[in-house]
Amino acid sequence: MRGLTGKTFVVAGGATGIGAGAAIRLGEEGANVVVGDINIAGATSTVNKIVEGGGKAVATHFDLADELSAEALVDMAIAQFGTVHGLFNVGADLSPGNLGRDRSLLDTDLDVWHRTLDVNVVGFVRTSRAVLPHLLANGGGSIVNTSSGAAVSGGDRLRPAYAASKSAVNALTRHIAGNWGPRGVRCNGVMPGLVMGETQEQQNDVALQERFLREVPTTRLGRPADLAAVVAFLLSDDAEWVNGQVWAIDGGANMRA
Ligand SMILES: NC(=O)c1ccc[n+]([C@@H]2O[C@H](COP(=O)([O-])OP(=O)(O)OC[C@H]3O[C@@H](n4cnc5c(N)ncnc54)[C@H](O)[C@@H]3O)[C@@H](O)[C@H]2O)c1
């Protein structure tokens, strides 16, 4: 892809799953990658894979819930590689103690709403605020935000806080695209369907997997590499006229025109 080699990208939440897959793909494309995650062992493992493949990458502990941590993540890119050209926002609090308690409106404690919105939405706000001045100083750049099919699927009877957080991510994507597109900053989103990264393998929700395969016009479940390819494209110069879009990457689960 054009415009990835030698450029520097920050992956905010790249220890496992989609974030790790995208970080590895960016490394394969010749980009420098800064992998931040609350799971530092996982982030280090992602970086090791990039370096073993001949790429350049560094790992750092990073917490989406902490503004200073977001600034430090971007500062690390500058310190290690001189500047930063793009950001992939992908982390989310999918832990059993948070997402696992996100039930119907009457059954969900307010702390789940606060935590979900703080990490999944305000976390992306923190990283975007940290990186934007650098992208503007460079004359432009690209941000990709990870949403979810939950943002648009109607009648979601479970996980209302998660769905709301991903709808808010879509609004944030359009806000950045609209405000800073004229200065060369593109911002787009991806809405994955059911993608079998480490977290989904561990949860092993067989009923959900069977339902997805039954109801979605596809032959298989998603893989992190499916998202990585699209994210790399959106970060690349090949996507320079794509801005403010949120794409469903889900085997056809959501069809919208
Ligand atoms: N896999 C799917 O089926 C699917 C579907 C729709 C949307 N998504 C979205 O894709 C993204 C990646 O999910 P995934 O499936 O790869 O799961 P994952 O658990 O592998 O990835 C989430 C990452 O976020 C990190 N993280 C959690 N809290 C954090 C914090 N406070 N600060 C920094 N990092 C933190 C985790 O350590 C992990 O590395 C998420 O935003 C998720 O909502 C996934």
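## Two strands side by side

Strands β1 and β4 (residues 86-89) pair in the parallel sense, over four bridges. This is a predicted model. Within the pairing, Val11 stands opposite Phe88 in β4. Strands of a sheet pair through backbone hydrogen bonds, either parallel or antiparallel.

β4 also pairs with β5, again in the parallel sense and over four bridges. Here Gly86 has Ser142 of β5 as its bridge partner.

## The whole sheet

How many strands does the open sheet have? There are seven. Their order is β3-β2-β1-β4-β5-β6-β7, with parallel pairing. Which strands stand at the edges? They are β3 (56-61) and β7 (246-249). Each has a single partner strand, so one side of each is left without a neighbour in the sheet. Neighbouring strands are turned by 15° against each other on average, with direction ignored.

Two helices lie across part of this sheet. Helix α2 lies across β2 and β3, and runs at about 175° to β3. Helix α3 (residues 67-81) lies across β1, β2 and β3. Its angle to β3 is about 155°.

## A covered strand

Look now at strand β5, residues 141-146. It is mostly covered: six of its six residues are buried. In a regular strand the side chains alternate between the two faces of the sheet. In β5, Gly141, Ile143 and Asn145 point one way. Ser142, Val144 and Thr146 point the other way. All of these are buried.

Take Ser142, which sits in β5. Its relative accessible area is 2%, under the 20% cut-off, so Ser142 is buried. A polar atom of the Ser142 side chain lies 3.0 Å from the backbone oxygen of Leu234. Not counting residues up to four places away in sequence, Ser142 touches His85, Gly86, Leu87, Leu135, Arg186, Leu234 and Leu235.

## The nonpolar cores

The largest nonpolar core has 29 residues. Which of them touch the most other members? They are Leu26, Val33, Phe88 and Val190. Several elements each supply at least two residues of this core: β1 (8-12), α1 (17-28), β2 (32-37), α2 (40-52) and α8 (224-235). The largest share, seven residues, comes from α8. Another core lies apart from this one. That core has 25 residues, among them Phe62, Ile143, Ala177 and Cys187.

## Phe88, inside the largest core

Phe88 belongs to strand β4. Is Phe88 buried or exposed? Its relative accessible area is 0%, so Phe88 is buried. Leaving aside neighbours within four places in sequence, Phe88 is in contact with Val10, Val11, Ala12, Ile18, Gly19, Ala22, Val144, Thr146 and Val231.

Compare a residue elsewhere in the chain. Lys56 is 32 residues from Phe88 along the chain. Their C-alpha atoms are separated by 17 Å.

## One aromatic pair

How many aromatic pairs are counted? The count comes to one. A pair of aromatic rings is described by the distance of the centres and the angle of the planes. The rings here belong to Phe233 and Trp247. Their centres are 6.2 Å apart. Their planes stand at 15°, which is under 30 degrees, so the pair is stacked.

Where do the two rings sit? Phe233 lies in helix α8 and Trp247 in strand β7, so the pair ties together parts that are 14 residues apart in sequence. Phe233 has 26% relative accessibility and counts as partly exposed. Trp247, at 29%, also counts as partly exposed.

## A buried arginine

Arg126 is found in helix α4 (residues 110-137). Its relative accessible area is 15%, so Arg126 is buried. What lies 2.9 Å from a polar atom of its side chain? The backbone oxygen of Leu64 does.

Leu64 also appears among the contacts of Arg126. Leaving aside neighbours within four places in sequence, the others are Ala65, Asp66, Glu67, Ala70 and Asp118.

Notes: Residues are numbered from 1 along each chain as its sequence is written. This is a predicted model: local features need pLDDT of at least 70, side-chain atom pairs count only at pLDDT 80 or more; totals for chains, interfaces and linings use all residues. Side-chain values use heavy atoms; hydrogens and water are left out. A nonpolar core is a set of buried Ala, Val, Leu, Ile, Met, Phe, Trp, Tyr and Cys residues joined through side-chain atoms within 4.5 Å. Buried means under 20% relative accessible area, exposed over 50%, partly exposed in between (1.4 Å probe, protein chains only). Two strands pair if DSSP finds at least two bridges between them. Axes are lines fitted to C-alpha atoms, for helices over the stretch in contact, and angles run from 0 to 180 degrees between N-to-C directions. Contact means heavy atoms within 4.5 Å. Rings of Phe, Tyr and Trp (its six-membered ring) pair if their centres lie within 6.5 Å; planes under 30 degrees apart count as stacked, over 60 as edge-to-face and the rest as tilted. A polar contact is a pair of N or O atoms within 3.5 Å; within protein, one must be able to donate a hydrogen and the other to accept it, and residues adjacent in sequence count only if both atoms are side-chain atoms.
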